[in-house]
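New to this one? Here is a quick briefing to read with the structure open beside you.

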Amino acid sequence: MSDEHYETLDPENWPEMRQLAHRMVDDAMDYLQSARERPVWTPVPDEVRERLKAPAPGEPSDPARVYEEFRQDILPYPMNTTHPRFWAWYMGAGTVMGALGDFLAAVMNPNLGGANHVAPLVESQVIGWLRTMMGFPEDASGLLTSGASMANFIGIAVARNTHCGYDVRRKGVLAAPGPLTVYGSTELHSCNQKAVETLGMGSDGMRYIRVHSDYTIDLKALEQKVAKDRKAGMIPFCVIATAGTINSGAIDDMNAIADFCQREKLWFHVDGAIGAVAILADHVRDQLSGMERADSIALDLHKWMHIPFEAGCILIRDASAHHDSFSLVPEYLERSSEPGGLASGSLWFSDYGLQLSRQFRALKVWMSIKEHGLARFGRMIARNVDQAHYLGKLIESTPQLELTAPIGLDIVCFRFNPGGMEIEALNQLNQAILVSLQENGIAAPSYTTLNGEYCLRVAIANHRSRPEDFDALVKAVTELGRNIM
Ligand SMILES: *Cc1c(COP(=O)(O)O)cnc(C)c1O
């Protein structure tokens, strides 16, 4: 058998594959460059939904045909986070270099569990950059994660394993002298409760503290709750502060929480999914003061740093606490004691989280940060904050619109309210406005409910948004509101 006919998963025709790859890159650049020209949302047609239920093919097909199917059935119906008027939930807008970085990472296809090759050095450098950004000491440890959900999970797990007064990792939560409890505000992101539940403390172990009218945690209420729980035999071990709440971008008082945790010997964890990276923005930095005193910080890179999904990071001040929470090395993973060779590396990221095999997500981060520099990311963040206040002013100067929460960071909550409507009808009206905005492809805010009031929520983590995009939003909401009423 000649070499050409020895079956592998490589292209049967390399020149054709090369040509196809070039076309993909050209199309991708066209697509990203013209992001503004497409509607912000296009629903998936029924016939496409049907085609996407077809069974897996048993036999090969031409790569060019596979790509054509992608162009026809997949590319036209995106979530469209890359659009300048995508402001839903809280998502970054992507970077071109990040997309290419993901491609090159897959080309190299390393496994970031560990071992002696270049990729762990890149991840280590990226973690170092983030550690410096956050003002953490040089010997703090870190891990890139799928996002802040996993980063918060790791932070809370290390807190639980090292801060409950006994060997939790060995004996489990059932050996605790009382229920283990974690504290955060009622605005805390749900992933933290999921982590607390998964770590064996039950949802009762997640203690919610009321917030002030600006949606930051009420410190007095926190102190009282911890004292009361201790009296009742519970074992408080961790307070989670939020740097940028998901509803309205509120930032808890980091220094006050740090002081409290120090006094009470509690682990101070920060959920900084949204706001931690805003430390790069000159006029936000002061609001985050005290974050650098945390025992652990979870942050997201696929939100306000715009790295393509997925990318988040956990930083832990006490590296050995981090290592001792997750390291477990059976014989088949024994590291070589030889001085050289592939298995001789000392950077084993699998010692710092749940995953053994890990993707090279560091590369897209590394390439994006190298291309733009941290100062430019800071300027993009600062501009989004300014845009939130610009939108706020537009809303305040439009008679039928009203803000429904103070503007925190880059999140604006507002509604159409012509006056004199029952709350139910008003909620429904705003719901209809939101659906209409999206279905007409105009803009994609999302919504939230604050004190029972449904409102549109505009989260401007978008480096492509311009002032005229907010003018267009306000105009459309006002017109839709009047038409639907
Ligand atoms: C988005 C978010 C999370 C969850 O992060 P993922 O990256 O989606 O896993 C956690 N906390 C806050 C405050 C968030 O905004």
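What follows is a short tour of the ligand site, two sheets and a couple of backbone oddities. Keep in mind that this is a predicted model. Start at the ligand, which has 14 residues around it. From there, move on to an open sheet of seven strands and an open sheet of five.

**Around the ligand**

- Of the 14 residues that surround the ligand, the closest are S149, D271, D300, H302 and K303.
- Sorted by class, this shell is made up of five nonpolar, six polar and three charged residues.
- Helix α6, which covers residues 148–162, is the biggest giver here: three residues of the shell come from it.
- Look at D271 for a contact with a ligand nitrogen: a polar atom of its side chain sits 2.7 Å from that atom.
- D300 also has a polar side-chain atom 2.7 Å from the ligand, but here the ligand atom is an oxygen.
- H302 joins in too, with a side-chain N or O atom 2.8 Å from an oxygen atom of the ligand.
- How much of the ligand does the protein bury? On its own the ligand would expose 380 Å², and 86% of that is buried by the protein.

**The seven-stranded sheet**

- Going across this open sheet, the strands come in the order β2-β8-β7-β6-β5-β3-β4, and their pairing is mixed.
- Why do β2 and β4 each have one side without a neighbour in the sheet? Strands β2 (141–145) and β4 (206–209) stand at the edges with a single partner strand each, so one side of each is left free of a neighbour in the sheet.
- From one strand to the next, the twist averages 20°.
- For a parallel pair, pick out β5 (residues 235–242) and β6 (residues 267–272), which are joined by five bridges.
- Within that pair, C238 has W267 of β6 standing opposite.
- Helix α11 (residues 319–326) packs on this sheet, where it touches β2 and β8 (312–316). The direction of α11 makes an angle of about 50° with that of β2.

**The five-stranded sheet**

- This sheet is open as well, with mixed pairing and the strand order β1-β11-β12-β10-β9.
- The edge strands are β1 (86–87) and β9 (401–403); each has just a single partner strand, so each has one side with no neighbour in the sheet.
- For an antiparallel pair, see β11 (residues 444–450) and β12 (residues 453–459), which pair over five bridges.
- One of the residues to look for is S446, whose bridge partner in β12 is R457.
- Helix α13 (residues 423–439) packs on the sheet and touches β10 (411–416), β11 and β12, with its direction at about 30° to that of β12.
- Helix α14 (residues 467–484) lies across β1, β9, β10, β11 and β12, and runs at about 25° to β10.

**Backbone oddities**

- Between F309 and E310 the peptide bond is cis, with an omega near 0°.
- Where is E310 found? You can find E310 in the loop between β7 (296–300) and β8.
- N80 has a phi near 75°, which is a positive value in a residue that isn't glycine.
- To locate N80, go to the loop between α3 (63–74) and β1.

Technical notes. Residues numbered from 1 in each chain as written. Predicted model: local features only at pLDDT ≥ 70, side-chain atom pairs only at ≥ 80, totals over all residues. Heavy atoms only, no water. Near = heavy atom within 4 Å. Polar contact = N/O pair within 3.5 Å; in protein donor to acceptor, adjacent residues only side chain to side chain. Areas by Shrake-Rupley, 256 points an atom, 1.4 Å probe, with all protein chains shown as cover. Helix = DSSP H or I, 4+ residues; strand = E, 2+ residues; numbered from the N terminus. Nonpolar A, V, L, I, M, F, W, Y, C, P; charged D, E, K, R; others polar. Pairing = 2+ DSSP bridges. Contact = heavy atoms within 4.5 Å. Axes fitted to C-alpha atoms, helices over the stretch in contact; angles between N-to-C directions.
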